[in-house]
Amino acid sequence: MSDVFQHADLLAQREALAQPYLEFLVRDSLSAGIYRLDPGEPDRQRPHTEDEVYHVLDGEGAIDIAGEVTPIRPGSVIFVAKSIPHHFRDYPTGLTLLVVFAPPRGSQAAPS
């Protein structure tokens, strides 16, 4: 069985939730979501317990990964290893990113 998602539908779902992150796919091996940061909105994420890949869909800015700042633009693909501090910055028109976690987001976190 395959899942097919439409970019516009995912963006509309995320917008309707009024949240920066919409997780739209969860499987045993990975999860995926759309992350949107509006201009002036700080990136509040903390290091994750899983590896992740970002694909910039829209917007320009920079990513700070453990103190190393790199410019990003549509088409940029970014890998961040688990537990590494990172955040997006300097995105005057906002950023929209496809995010893939492996294994699924939060699955490696210590039980609370």
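# Exercises on a predicted model

A32 is found in strand β2. The model used in these exercises is predicted.

## Exercise 1

Task: Classify A32 as buried or exposed, and list the residues in contact with A32 beyond its neighbours within four places in sequence.

Solution.
- Step 1. The relative accessibility of A32 is 5%. Buried means under 20%, so A32 counts as buried.
- Step 2. Leaving aside neighbours within four places in sequence, A32 is in contact with Y21, L22, E23, F24 and L25, and also with V99 and V100.
- Step 3. For a position apart from this set, take I84: its C-alpha atom is separated from that of A32 by 19 Å, with the two positions 52 residues apart along the chain.

## Exercise 2

Task: Describe the surroundings of S31, and state which side chain S31 joins in a polar contact.

Solution.
- Step 1. Strand β2, residues 31-37, contains S31.
- Step 2. S31 has a relative accessible area of 0% and is therefore buried.
- Step 3. Residues up to four places away in sequence are not counted; S31 then touches E23, L25, V26, V99, V100, F101, P104 and R105.
- Step 4. Among these, E23 is the partner in question: the side chains of S31 and E23 are joined by a polar contact of 3.5 Å.

## Exercise 3

Task: Find the salt bridge between R105 and E23, and say where in the chain the two residues lie.

Solution.
- Step 1. The closest N and O atoms of R105 and E23 are 3.4 Å apart. A salt bridge requires a distance within 4 Å, so the pair forms one.
- Step 2. R105 is in the segment after β8 and E23 is in strand β1; at 82 residues apart, the pair links distant parts of the chain.
- Step 3. R105 has a relative accessible area of 42% and is partly exposed. E23 is also partly exposed, with 31%.
- Step 4. Both R105 and E23 are among the residues that S31 touches.

## Exercise 4

Task: State how many salt bridges the structure holds, and examine the pairs D3 with R27 and E15 with R14.

Solution.
- Step 1. The structure holds 7 salt bridges.
- Step 2. In one of them, the side chains of D3 and R27 meet at 2.2 Å, N to O. D3 lies in the segment before α1 (7-17), R27 in the loop between β1 and β2; these are distant parts of the chain, 24 residues apart.
- Step 3. D3 is partly exposed at 35% relative accessible area, and R27 counts as partly exposed at 40%.
- Step 4. The side chains of E15 and R14 meet in a salt bridge of 3.0 Å, N to O. Here the classes are split: E15 is exposed, with 53%, whereas R14 counts as buried, with 9%.
- Step 5. Salt bridges also link R36, D38 and D58 in a network.

## Exercise 5

Task: Give the number of aromatic pairs, and determine the geometry of the pair Y21 and F101.

Solution.
- Step 1. The count comes to 4 aromatic pairs.
- Step 2. In the pair of Y21 and F101, the ring centres are 6.5 Å apart and the planes stand at 85 degrees. Angles over 60 degrees count as edge-to-face, so the pair is edge-to-face.
- Step 3. Y21 is in strand β1 (residues 21-26) and F101 in strand β8 (residues 95-102); the pair links distant parts of the chain, 80 residues apart.
- Step 4. F101 counts as buried, because its relative accessibility is 2%.
- Step 5. Adding Y35 gives a cluster: ring pairs link Y21, Y35 and F101.

## Exercise 6

Task: Locate A66, classify it as buried or exposed, and identify the residues of the nonpolar surface patch that includes F79.

Solution.
- Step 1. A66 is in the loop between β4 (61-65) and β5 (68-72).
- Step 2. The relative accessibility of A66 is 57%. Exposed means over 50%, so A66 counts as exposed.
- Step 3. Apart from neighbours within four places in sequence, A66 is in contact with I84 and P85. The C-alpha atoms of A66 and P47 are separated by 10.0 Å, the two residues being 19 residues apart along the chain.
- Step 4. F79 belongs to strand β6 (residues 77-80). Together with V53 and V77, F79 forms a nonpolar patch on the surface, and the accessible area of the three is about 280 Å².

Technical notes: Residues numbered from 1 in each chain as written. Predicted model: local features only at pLDDT ≥ 70, side-chain atom pairs only at ≥ 80, totals over all residues. Heavy atoms only, no water. Patch = residues over 30% accessible without salt bridge, like charges linked within 9 Å, V, L, I, M, F, W, Y side chains within 5 Å. Areas by Shrake-Rupley, 256 points an atom, 1.4 Å probe, with all protein chains shown as cover. Helix = DSSP H or I, 4+ residues; strand = E, 2+ residues; numbered from the N terminus. Buried < 20%, exposed > 50% of the residue type's maximum accessible area, 1.4 Å probe, protein only. Polar contact = N/O pair within 3.5 Å; in protein donor to acceptor, adjacent residues only side chain to side chain. Contact = heavy atoms within 4.5 Å. Phe/Tyr/Trp six-rings, centres within 6.5 Å; stacked < 30°, edge-to-face > 60°.
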